[in-house]
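User: I should like a close look at a single part of this protein and at what surrounds that part. Please explain it in terms that a first-year student can follow.

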Amino acid sequence: MASSPNMPYITRSTETLFDIASDVICLLCSAGETVSVTESFTAGGVMVALTSVPSASAAFCGGIVLYVTPLKQTFFYVDMDLIACEGVIHANIAVQMAEGAKGATTFNDKPTTWGIGTTGLVGTVFISIASPYGSQSWGPFCFPGTRERVREATVVEALSKLRDALSARSNGGEMGENVVKVG
């Protein structure tokens with residue numbers, strides 16, 4: 001049965017990762033801001049989602065996947081004493097990664113406005129957003145499912161948190177509720 005051009009369609013009530021990433025790029029572009037990403041557990045998933053949006057280059061500066069611990073210290077000066085005590089799956093590590101992403105993608109004296117950091121493993125995930133106003137971390141999250149499902153859930157949550165922070169900022173608010181402020 002062919003659909004009729006006059007058929008009244010119901011508005012969808014769900015959203016996809018692409019919808020969330022599109023909102024993020026739109027909010028960043030409308031404010032003249034940019035974002036960069038440092039990922040570990042998500043292995044580039046946040047970057048893939050953001051760059052799937054047409055014209056993402058207007059707001060997405062770049063990112064890096066840091067999988068092995070020594071590179072986290074080499075590239076972003078992540079606190080090795082903290083890693084020695086707590087391991088790399090920690091709120092402050094996610095913050096240092098988000099802040100490092102911003103710093104690594106600054107060029108021509110133009111700083112990147114926002115950074116995202118993700119660190120985790122199946123069972124425990126931390127997400128951080130570094131903004132012009134400070135950095136915040138969420139977690140630990142315990143998303144259900146296989147490694148791939150947990151990665152996907154982490155990407156969705158990270159971009160949702162950034163979208164919430166951008167929307168709150170646009171409305172004169174802070175980054176959000178139920179947030180662990182670190183730093």
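The request concerns helix H6 and its surroundings.

User: Which salt bridges involve helix H6, and what does H6 give to the largest nonpolar core?

Analyst: The model is predicted. As a setting for the helix, the protein has 6 helices and 6 strands, which run α-β-α-β-α-α-α-β-β-β-α-β from the N terminus on. Of its 183 residues, 46% are buried. Among contacts with a separation of 6 or more, 64% link residues that are 24 or more positions apart.

Helix H6 covers residues 147-170. The largest nonpolar core of the protein has 32 residues, and H6 gives the most to this core, with 7 residues. At least two residues each also come from helix H1 (17-31), strand E1, helix H2 (45-51) and strands E3, E4 and E5. The residues with the most contacts inside the core include Leu159 and Leu162, along with Val35, Val46, Leu50, Trp114 and Ile116.

Leucine 159 shows how such contacts are made. Leaving aside neighbours within four places in sequence, leucine 159 is in contact with Leu17, Ile20, Ala21, Val24, Val46, Ala49, Leu50 and Ile116. Another core, of 8 residues, lies apart from the largest one and has Leu66, Phe76, Val78 and Met97 among its members.

One of the partners of leucine 159 is isoleucine 20, which is found in helix H1. Isoleucine 20 has a relative accessible area of 3%, so this residue is buried. Beyond four places in sequence, isoleucine 20 touches Glu15, Val156, Leu159, Ser160 and Arg163. The C-alpha atoms of isoleucine 20 and valine 156 are 7.6 Å apart in space, although 136 residues separate the two in sequence.

Charged side chains join H1 and H6 as well. Aspartate 23 and arginine 163 form a salt bridge, with the closest N and O atoms 2.8 Å apart. Because aspartate 23 lies in helix H1 and arginine 163 in helix H6, the pair ties together parts that are 140 residues apart in sequence. Aspartate 23 is partly exposed, with a relative accessible area of 34%, whereas arginine 163 is buried at 13%.

Other salt bridges lie within H6 itself. Glutamate 152 pairs with arginine 149, the closest N and O atoms being 2.7 Å apart. These two residues are 3 residues apart in the helix, so about one helical turn separates them. Both are partly exposed: glutamate 152 has a relative accessible area of 35%, and arginine 149 has one of 41%.

Glutamate 157 and lysine 161 also meet in a salt bridge, at 3.5 Å from N to O. They are 4 residues apart in H6, which is about one turn of the helix. The spacing in both pairs follows a general rule: an α-helix has 3.6 residues a turn, so residues three or four places apart point the same way. Glutamate 157 is partly exposed because its relative accessibility is 22%, while lysine 161, at 16%, counts as buried because the limit is under 20%. Salt bridges that share partners also join Glu15, Asp23 and Arg163 into one network. The count for the protein comes to 5 salt bridges.

In summary, H6 supplies 7 residues to the largest nonpolar core, and a salt bridge between aspartate 23 and arginine 163 ties H6 to H1.

Note on methods:
Residues are numbered from 1 along each chain as its sequence is written. This is a predicted model: local features need pLDDT of at least 70, side-chain atom pairs count only at pLDDT 80 or more; totals for chains, interfaces and linings use all residues. Side-chain values use heavy atoms; hydrogens and water are left out. Buried means under 20% relative accessible area, exposed over 50%, partly exposed in between (1.4 Å probe, protein chains only). Contact means heavy atoms within 4.5 Å. A nonpolar core is a set of buried Ala, Val, Leu, Ile, Met, Phe, Trp, Tyr and Cys residues joined through side-chain atoms within 4.5 Å. A salt bridge is a side-chain nitrogen of Lys or Arg within 4 Å of a carboxyl oxygen of Asp or Glu.
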